[in-house]
Amino acid sequence: MMRVITWNINSVRLRLALVLDVLKQHKPDVLCLQETKTPDEFFPAEAFHQAGYVHQHVAGMKGYNGVAILSRLPLDKPDQYQRVKRDDKRHISAVVKDPAGDFLLHNVYIPAGGYEADLTAEKFRHKLDFVDDLAAFFAAQKQNKIPAMLVGDLNIAPLEHDVWDHKKMLKVVSHTPIEVEKFARLAEQGSWYDAIRHFVPADKKLYTWWSYRAADWDTADKGRRLDHMWVTPPLKERLKSQAILRDLRGAVQPSDHVPVILDLKR
DNA sequence: ATGGTCGGTACCCGA
C-alpha cells in the first residue's frame with residue numbers, strides 16, 4: 001500500500017508535536033502540508049528527518065502560506081512541474097519514486113478569497129485568477145503522460161453535500177457558482193479525478209474543515225470539504241481507500257482543517 | 001441578525 005496524507009496545518013511550528021503524532025499513528029509514505037507559515041530556515045526539517053521523512057521539499061515564507069512535501073520515498077525533479085517559480089509559496093511539486101510506479105505529486109494551496117464574493121473584490125479576484133492560472137498550467141501539461149496526483153487545500157467545496165447547507169452557502173466564498181465552475185474547469189483541464197468522492201457517494205455529507213468561530217464545531221457540524229485529493233486516470237486503478245481524520249479537529253490547539261488520507265494499491 | 005476565533009506578527013492581516 002502507498003499512503004499520502006494532505007493537511008492544512010496552520011503553522012507547522014506551533015503544531016509540530018501533533019503532526020509527528022499523526023505520522024507515527026498513520027505512517028504515510030508522503031505528507032503534504034499547507035499553511036506552514038514559516039521561512040525555510042525555521043522549518044522543523046530535523047524533527048521530520050528523525051521521524052523517517054528524510055526526503056523533503058519545502059517552500060515557505062514569513063507569516064503566510066507555505067507548502068511542504070515530506071516523504072519516506074525519494075523525491076525527484078522538485079518543481080520541474082511547478083506552476084510558477086518561487087513567488088507566493090502556494091504550489092510545489094515533485095516526482096515520488098514509488099516502487100509500484102513513479103507519479104508526479106502537486107501540493108497546492110489556493111487562496112481563501114476573502115469574505116466578499118464579488119468580482120471587484122481584490123481577494124476574491126485573486127482566488128479566481130489563481131484557479132484560472134492553475135487550469136492553464138495543467139492544460140499545457142496535457143502532453144505529459146506521467147501519472148499524477150494533486151492534493152491540498154483548494155478552498156472550494158464543489159458539491160452540494162460538501163457544505164452543511166447548500167442554499168445558505170451559495171453566496172459564501174468557497175461555494176459560490178463561479179468558484180465551483182472554475183474548480184470544475186481546473187479538474188477538466190488537468191484530467192483530474194476526485195479520489196475521495198470515488199469512495200464516498202455524492203449525497204453523503206463530507207467535511208475537512210470547521211471554522212474556529214463555531215462554539216461547538218462537533219455538534220453544530222457546520223463544516224465544508226475544502227481539502228482535496230485528485231488523481232489522473234492512470235492512478236484510478238490503484239485507488240484503495242480514503243479517510244478523513246475528523247477527530248483531530250478536537251485536538252488540543254487544533255488546526256481548523258483535518259488530515260485527509262488516500263491509499264493506493266501497490 | 002450579520003455575530004464568532006485563530007496564528008503570526010507587531011499593534012493589524014489573512015483565514
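Biologist: What volume does the second largest pocket have?

Modeller: The second largest pocket comes to about 240 Å³. Keep in mind that this is a predicted model.

Biologist: And what makes a residue part of the lining of that pocket?

Modeller: A lining residue needs an atom within 4 Å of a pocket point. For the second largest pocket, 17 residues count as lining, and Q141, N144, I146, G190 and T232 lie nearest its centre. Two elements, β7 (103–109) and α7 (233–236), each give two or more residues to this lining.

Biologist: How do the classes split in the lining of the second largest pocket?

Modeller: Eight are nonpolar, seven polar and two charged. Gly counts as polar in this scheme, so G190 goes into the polar group.

Biologist: What about the largest pocket, how much space lies in it?

Modeller: About 970 Å³. It is lined by 33 residues, with A112, G114, Y115, N155 and W209 closest to the centre. Helix α3 (residues 122–140) supplies the largest share of that lining, three residues. By class, the lining has twelve nonpolar, eleven polar and ten charged residues.

Biologist: Let's turn to K37. Why is K37 called partly exposed?

Modeller: Buried stops under 20% and exposed starts over 50%. K37 has a relative accessible area of 27%, which falls in between, so K37 is partly exposed.

Biologist: Where does K37 lie?

Modeller: In the loop between β2 (30–34) and α2 (45–50). Leaving out residues up to four places away in sequence, K37 touches N10, S11, R13, M61, G63, Y64 and N65.

Biologist: What makes the pairing of K37 and N10 a polar contact?

Modeller: The cut-off for a pair of N or O atoms is 3.5 Å. The side chains of K37 and N10 are joined at 2.9 Å, which is within that limit, so the pair counts as a polar contact.

Biologist: Now the DNA. Which residues are closest to DNA strand B?

Modeller: S11, R15, R90, Y212 and R213 are the closest of the 16 residues that surround the strand. On the DNA side, sugar and phosphate make up 63% of the strand B atoms that come within 4 Å of the protein. By class, the surface near strand B has six nonpolar, four polar and six charged residues.

Biologist: How do you know that R90 is near DNA strand B?

Modeller: Being near takes a heavy atom within 4 Å. A polar side-chain atom of R90 lies 3.0 Å from a phosphate oxygen of the strand, so R90 passes.

Biologist: What part of K123 is 3.4 Å from a phosphate oxygen of that strand?

Modeller: An N or O atom in the side chain of K123. With G63, a backbone N or O atom lies 3.5 Å from a phosphate oxygen of strand B.

How values were computed:
Residues numbered from 1 in each chain as written. Chains lettered and ligands numbered in written order. Predicted model: local features only at pLDDT ≥ 70, side-chain atom pairs only at ≥ 80, totals over all residues. Heavy atoms only, no water. Polar contact = N/O pair within 3.5 Å; in protein donor to acceptor, adjacent residues only side chain to side chain. 1 Å grid on protein atoms, 1.4 Å probe; cavity = no way out; pocket = protein on both sides within 12 Å on 5 of 7 lines; lining within 4 Å. Points joined across faces, edges and corners; volume = space filled by probe spheres on them. Helix = DSSP H or I, 4+ residues; strand = E, 2+ residues; numbered from the N terminus. Buried < 20%, exposed > 50% of the residue type's maximum accessible area, 1.4 Å probe, protein only. Contact = heavy atoms within 4.5 Å.
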